[in-house]
Amino acid sequence: MPLERLIERLRASTPRHADDLDRPRAAVALALAPNPDQILLIRRAERVGDPWSGHLALPGGRRQDDDPDLLATAIRETFEETGIQLQREWCVAQLDDLVPRTPTLPPIVVRPFVFVIDRAHEPGTSGEVVQSMWTSIEALARAGVVTRRIDVKGSLRDVAGYAIGDGLLWGMTERIVTPVLALWEEARLGTRKT
């Protein structure tokens with residue numbers, strides 16, 4: 001039951017929130033499902049002007065004025081992008097807020113929310129998402145992070161990420177997923193890093 005132990009550890013942690021930064025807010029959903037343990041990922045559509053165009057990512061996006069809070073943003077965006085209707089009560093944890101490390105990206109604060117659902121509901125696509133898929137947590141943890149040279153806005157860069165099919169899950173999404181995978185692996189092995 002690594003997923004159950006992972007949830008316990010995530011619930012016990014205190015996330016760091018960047019509420020002092022005067023930046024637009026966004027939220028992503030790290031949706032997990034059991035038997036086997038899986039994570040929901042998307043591939044964003046290729047769109048001119050979108051800094052995350054074509055990237056593998058977690059479902060999510062910017063907070064809208066009518067979103068009562070960032071949790072509502074994560075739920076709304078996941079439904080719009082994949083057709084999966086998350087529920088507030090399925091949210092088991094929040095993770096640390098993140099900001100882009102690359103100055104060419106918009107100055108934004110992203111808050112990840114962890115959801116656990118009963119099963120891997122069939123995801124769909126949308127105008128913003130060309131692919132959505134459940135991916136094995138064990139396969140990602142075993143494969144580990146690789147370094148690939150990719151084109152980022154016309155410049156070749158070496159980036160760390162997870163090779164998934166013909167794509168690479170990297171950047172902010174890799175920074176969200178990596179600590180969760182490490183905790184899942186610790187839970188699977190019954191160990192805890194000190």
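Tutor: Buried means under 20% relative accessible area, exposed over 50%, and partly exposed in between (1.4 Å probe, protein chains only). The model is predicted: local features need pLDDT of at least 70, side-chain atom pairs count only at pLDDT 80 or more, and totals for chains, interfaces and linings use all residues. Residues are numbered from 1 along each chain as its sequence is written, and side-chain values use heavy atoms, with hydrogens and water left out.

Student: Is I108 buried or exposed?

Tutor: Start with its place: I108 is in the loop between β5 (91-94) and β6 (109-116). Strands here are DSSP runs of E, at least two residues, and helices are runs of H or I, at least four residues, numbered from the N terminus. The relative accessibility of I108 is 2%. I108 therefore counts as buried.

Student: How many Å apart in space are I108 and I164, C-alpha to C-alpha?

Tutor: Along the sequence, I108 and I164 are 56 residues apart. In space, their C-alpha atoms are separated by 26 Å.

Student: How many salt bridges are there?

Tutor: Side chains of opposite charge can pair when their charged atoms come close. The rule wants a side-chain nitrogen of Lys or Arg within 4 Å of a carboxyl oxygen of Asp or Glu. By this rule the count is twelve.

Student: Which residue forms a salt bridge with R9?

Tutor: The closest N and O atoms of this pair are 3.2 Å apart. R9 lies in helix α1 (residues 2-12) and its partner in helix α4 (residues 172-189), so the bridge ties together parts 177 residues apart in sequence. Both side chains belong to buried residues. The partner of R9 is E186.

Student: Which residue meets D166 in a salt bridge?

Tutor: The N to O distance is 2.9 Å. D166 sits in the loop between β9 (155-164) and β10 (167-170) and its partner in strand β2 (residues 38-44), so the pair links parts 123 residues apart in sequence. D166 is exposed, at 73% relative accessible area, whereas the partner is buried at 17%. That partner is R43.

Student: Which residue meets R44 in a salt bridge?

Tutor: The N to O distance here is 3.1 Å. The partner lies in helix α2 (residues 70-82) and R44 in strand β2, so the pair ties together parts 37 residues apart in sequence. The partner is buried at 1% relative accessible area, and R44 counts as buried at 12%. The partner of R44 is E81.

Student: Which residues do salt bridges that share partners join into one network?

Tutor: Look for bridges with a partner in common. They join D67, R76, E77 and E80.

Student: What is the crossing angle of the axes of α1 and α4?

Tutor: Axes are lines fitted to C-alpha atoms, for helices over the stretch in contact, and angles run from 0 to 180 degrees between N-to-C directions. The two axes come within 8 Å. Their crossing angle is roughly 125°.

Student: What does that make α1 relative to α4?

Tutor: Angles under 35 degrees count as roughly parallel, over 145 as roughly antiparallel, 65 to 115 as roughly perpendicular, and the rest as oblique. The axes cross at roughly 125°. So α1 relative to α4 is oblique.

Student: Which residues of α4 make the contact with α1?

Tutor: Contact means heavy atoms within 4.5 Å. From α1 come P2, L3, R5, L6, R9 and L10. From α4 come V180, L183, W184, E186, A187 and R188.

Student: How many residues of the contact of α1 with α4 are charged?

Tutor: Ala, Val, Leu, Ile, Met, Phe, Trp, Tyr, Cys and Pro count as nonpolar, Asp, Glu, Lys and Arg as charged, and the others, Gly among them, as polar. The contact has eight nonpolar and no polar residues. The charged residues number four.

Student: Which residues does L183 touch, not counting those up to four places away in sequence?

Tutor: L183 is in helix α4 and is partly exposed, at 21% relative accessible area. Its C-alpha is 9.0 Å from that of P2, 181 residues away along the chain. Not counting residues up to four places away in sequence, L183 touches L6, R9 and L10.

Student: What is the omega of the peptide bond from N35 to P36?

Tutor: P36 lies in the loop between β1 (25-33) and β2. The N35 to P36 peptide bond is cis. Its omega is near -5°.
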